[in-house]
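Trainee: I should like to understand the reasoning behind the terms applied to this structure. May we take them one at a time?

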Amino acid sequence: MYRDHKVLIIIPAYNEEESIVSTTDVLKDFPEFDYIVIDDGSTDKTKYICKSNNIPYISLPVNLGIGGAVQTGYKYAYANDYDIAIQFDGDGQHDANYISNVVDEIIDGNCDFGIGTRFLNEHTSGFKSSRSRRMGIVLLSWLIKVLTKEKITDPTSGFRAANKEIIEMFATHYPIAYPEPESIVALLVKNYKIKEVPVNMFERTGGVSSINAKKAVHYMVVVMLSMVMAKARG
Amino acid sequence: MDFILKITLLIATLFLLFTVLKIIKTKTISVRYALMWLVFTLVLMTFTLFPNFVSWIADSLHFKTASNFIFVIVIASLVLMLLSLTILISKQNEKVQILTQEVAILKTKTNEHIKEVKKN
C-alpha cells in the first residue's frame, strides 16, 4: 500500500534475461509497490530467471508484442482491484526513484494518467537519445497537438501511470503494435487529464531496443495513422 | 464464342467446382467460407455456359469487349474476398491475444494456488 492506494508496477519483458533481475532488485527497495513481470513469450531464459529468483511473473505462451504484454498487466491489475498501475521497462532504462513522483500526481488528483518524461528537466536526465529519435518524437508530439490541442513532450515514453478508471479502459482496449502515442490520443479524446512528470532515465543495461533504424520509418507511418484513427474513433 | 475455347473454359470451371466441392466434403474449410467459393465458381460457370448473356450485359454497360467485363467482375470479387479475409485475420488476431492473456493469467493464478497448497 502506498498512501492508502494499491499500486502495481507492470514490467513488460521480452528477452530481458540480462537485466530483469537488476530491474526487480531495485524495486525490492520499494515494498509499498507490488510489481509483476510480463514475460512476452521470451525465447531466452527470462521466464526461468523469474521463477528461480521468486520474481512474480505472468508468462505469455506466445509473443504478443509490447501492447499485448502491457495489456496483460492492466488486465491483472483490473482483476486484482489495483488503484494505480505503472508501466516500467524491464531493460533498466527507468529509474524507480521517480515512481512515487508520478504516482503522487494521480493520488493528489492532478491527473488521471501520468507520463514520466525525460526532456522536461535537463538536470534530471543524463539520458541522451539519438537525433533521429528526437525528430520522431517532435513529429509525434506535433500530431498530438494537432489532433487534441494538448502538449505532450514525450509521447513515446514507456514510463506511465494510470488511475483505476484508465486501468479498466486499457484492460479492455489497448493498441497492439506501438501503443504509447496512440493510447495517449485515445485518452485525450475521452477527456482524461494527462500530466508529464520529469524523470531520470538510464542508458540501456541490456537487451535490444524494440525499434531499430530499419523499422523507424514503418514505425512512424503506422503510429501516426493509428493516432489519427484513435482520434476518429472518438 | 469459339467451340474449343468454350470446352476449355468449361473443363477449367468444372475442375474448380469439383475441387471446391471436394474441399467442402472433407471439411477442410467451414461452410461459411465454402459458400463464398461456391458462389464464385457458379458465377464463372454461368459466364462459360451463357456467353451471349455476358455479351449482352457487357454491351448494355458499355464495356468494349465481354472479356473486359468478366475481368472486372472477377477482379472485383477477388478484392472483396481478400478484404473479408483481412477482416477475418484481424478478428482472429484479437481473439488469439485475448486467449493468450487469459491463459497466462490463469497459469499464474494456478501456480500461486499450488504454492499455497504446498505451504499448508
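Mentor: Certainly; please keep in mind that this is a predicted model. Across the interface of chain B and chain A, the rule finds 0 salt bridges.

Trainee: What would make a pair across the interface of chain B and chain A count as a salt bridge?

Mentor: A side-chain nitrogen of Lys or Arg would have to lie within 4 Å of a carboxyl oxygen of Asp or Glu. The count between chain B and chain A is 0, so the rule is not met there.

Trainee: How many residue pairs between chain B and chain A are in polar contact?

Mentor: There are 6 such residue pairs, both residues being at pLDDT 80 or more. The side of chain B that touches chain A comprises 4 nonpolar, 5 polar and 4 charged residues.

Trainee: How many residues does each chain bring to the contact, and what area is buried?

Mentor: Chain B brings 13 residues and chain A brings 14. About 1200 Å² is buried between them, with carbon and sulfur atoms giving 58%. In chain B, Gln97(B), Gln101(B) and Ile105(B) lose the most area to chain A, together 42% of what that side buries.

Trainee: Why may Phe113(A) be called a member of the largest nonpolar core?

Mentor: Membership requires a buried residue, under 20% relative accessible area, joined to others through side-chain atoms within 4.5 Å. Phe113(A) is one of the 42 residues in that core and among those that touch the most other members, including Tyr74(A) and Phe170(A); therefore Phe113(A) satisfies the definition. Helix 8 (residues 213-233) of chain A gives the most to this core, with 6 residues.

Methods:
Residues numbered from 1 in each chain as written. Chains lettered and ligands numbered in written order. Predicted model: local features only at pLDDT ≥ 70, side-chain atom pairs only at ≥ 80, totals over all residues. Heavy atoms only, no water. Contact = heavy atoms within 4.5 Å. Buried area = accessible area lost by both parts, 1.4 Å probe. Polar contact = N/O pair within 3.5 Å; in protein donor to acceptor, adjacent residues only side chain to side chain. Nonpolar A, V, L, I, M, F, W, Y, C, P; charged D, E, K, R; others polar. Buried < 20%, exposed > 50% of the residue type's maximum accessible area, 1.4 Å probe, protein only. Helix = DSSP H or I, 4+ residues; strand = E, 2+ residues; numbered from the N terminus.
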